[in-house]
Amino acid sequence: MKNKVALVTGGMGGIGSHIARYLADHGAVVAVTYFKNGDHSAAEAWLREQKSQGYDFKIYYADLTDFDATEQLIAKIVADLGSLDILVNNAGITADATLVKMTPEHWHKVIDNNLHSIFNVTRNALKPMLDKKYGRIINISSINGQKGQFGQTNYCASKAGIHGFTKALAYEVAKKGVTVNTVSPGYVKTSMVEKVDEAILQDIIKQIPVGRLAEPAEVARAVAFLASEDSGYITGSNFSINGGQHMY
Ligand code: CAA
């Protein structure tokens, strides 16, 4: 990945920051987006922390639910860094509630952040890839987009949508040097999973044959593989990384 330019959306999050680091470890120049409700000082603190560990990321504030903002984001990254070769659509949120209690706001917020954002970013990121006849797009879905989960109709719908998006786009760009794949993590040690009620989480862990949560690095390594030049024959596929919790 030497000298390739990568963008990791939500790259300051639990899985995202590990993905950003793995891509950088493999020689990529890595841009990450953040939203953090506009808390730029938190983003700067993250950047300083990464710098102290030897990582030199470029950070960009962006509301990925806004098409025009993503158009400006991609234009800025290409202007700053020279190209865009790898896109990891990682940004995502949860707003869990059973459907009878779910508000329209929670429904739209999750679909906007998890699915519409992928259209917005990818639609704009594709052009520089097609121009170069090279690209790697990795969309982060979830085990729950495949198997469903109690209390997550919005999240599961958004994550299931990613599979259709991946496969349709993979067809469209297969002959143009661009691969498009999905990675579906199971329950990973992140603040998102820590929000789940402890008793419920313990029940979930009992359903994982490997018997534990995933480490974020275990997801990041697979993403780095799909992002490499070596994975040019893998497209339209899904990598499940869930400790055997859902096999199909
Ligand atoms: N299966 C069946 N029944 C269940 C259940 C389950 N998994 N969980 C709760 N129930 C039952 C309760 O026993 C209770 O039944 P009674 O009414 O008969 O007593 C009823 O459902 C409770 O219903 P409520 O609407 O009151 O639910 P709640 O408000 O207490 O909890 C919830 C809803 C917060 C969504 C909770 O179910 C929950 O946290 N579920 C887990 C959600 C989850 O896994 N989130 C993952 C977040 S991390 C992530 O998403 C990353 C990733 O990609 C994996």
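Is Thr-190 buried or exposed? At 9% relative accessibility, Thr-190 counts as buried. The legends below describe a predicted model.

**Figure 1. Overall view of the predicted model.** The protein has nine helices and seven strands. Its radius of gyration is 17 Å, close to the 18 Å that the globule rule gives for 248 residues, so the protein is as compact as a globular protein of that length. Along the principal axes, the C-alpha atoms fill a box of roughly 50 × 40 × 35 Å. Of the 248 residues, 48% are buried. Take the contacts between residues at least 6 apart in sequence: 74% of them join residues at least 24 apart.

**Figure 2. Surface and charge of the protein.** The protein exposes about 11,800 Å². Carbon and sulfur atoms supply 55% of that area. There are 25 positive and 24 negative charges. The mean positions of the two sets are 5 Å apart.

**Figure 3. Close-up of Thr-190 in the loop between β6 and α7.** Strand β6 covers residues 178-185, and helix α7 covers 191-194. Thr-190 falls in the loop between them. The relative accessibility of Thr-190 is 9%, under the 20% limit for buried residues, so Thr-190 counts as buried. Neighbours within four places in sequence are left aside here. On that basis, Thr-190 is in contact with Gly-14 and Ile-15.

**Figure 4. Close-up of Lys-189 in the loop between β6 and α7.** Lys-189 counts as partly exposed, with a relative accessibility of 45%. Which residues does Lys-189 touch, not counting residues up to four places away in sequence? They are Leu-213, Ala-214, Glu-215 and Pro-216. Leu-213 is 24 residues from Lys-189 along the chain. The C-alpha atoms of Lys-189 and Leu-213 are separated by 6.0 Å.

**Figure 5. The aromatic pair of Trp-46 and Phe-57.** The whole structure holds five aromatic pairs. In this one, the ring centres of Trp-46 and Phe-57 are 5.5 Å apart. Their planes meet at 20°, so the pair is stacked. The cut-off for stacked planes is under 30 degrees. Trp-46 lies in helix α2, while Phe-57 lies in the loop between α2 and β3 (58-61). The pair therefore ties together parts that are 11 residues apart in sequence. Trp-46 counts as buried at 11% relative accessibility. Phe-57 also counts as buried, at 3%.

**Figure 6. The aromatic pair of Phe-67 and Phe-119.** What is the arrangement of the rings of Phe-67 and Phe-119? The ring centres are 5.8 Å apart and the planes are at 25°, so the pair is stacked. The pair links distant parts of the chain. Phe-67 is in helix α3 (residues 67-81), and Phe-119 is in helix α4. In sequence, Phe-67 and Phe-119 are 52 residues apart. In space, they are 8.5 Å apart, C-alpha to C-alpha. Phe-67 counts as partly exposed at 27% relative accessibility. Phe-119 counts as partly exposed at 43%.

**Figure 7. Contacts of Phe-67, a residue of helix α3.** Neighbours within four places in sequence are left aside. Phe-67 is then in contact with Phe-119, Asn-120, Arg-123 and Asn-124. Phe-119 is thus both a contact of Phe-67 and its stacked ring partner.

**Figure 8. An aromatic cluster.** Which residues form the cluster? They are Tyr-34, Phe-35 and Tyr-61.

**Figure 9. Lys-36 and its positive phi.** Lys-36 is a residue other than glycine, yet its phi is positive, near 45°. Where is Lys-36 found? It is in the loop between β2 (29-34) and α2 (40-52). With 36% relative accessibility, Lys-36 counts as partly exposed.

**Figure 10. Lys-133 and its positive phi.** Lys-133 is not a glycine, but its phi is positive at about 55°. Lys-133 has its place in the loop between α4 (104-132) and β5 (135-140). Is Lys-133 buried or exposed? Its relative accessible area is 61%. The limit for exposed residues is over 50%, so Lys-133 is exposed.

Notes: Residues numbered from 1 in each chain as written. Predicted model: local features only at pLDDT ≥ 70, side-chain atom pairs only at ≥ 80, totals over all residues. Heavy atoms only, no water. Helix = DSSP H or I, 4+ residues; strand = E, 2+ residues; numbered from the N terminus. Rg over C-alpha atoms; globule rule 2.2 N^0.38 Å. Buried < 20%, exposed > 50% of the residue type's maximum accessible area, 1.4 Å probe, protein only. Contact = heavy atoms within 4.5 Å. Areas by Shrake-Rupley, 256 points an atom, 1.4 Å probe, with all protein chains shown as cover. Lys, Arg positive; Asp, Glu negative; His and termini not counted. Charge placed at Lys NZ, Arg CZ, Asp CG, Glu CD. Phe/Tyr/Trp six-rings, centres within 6.5 Å; stacked < 30°, edge-to-face > 60°.
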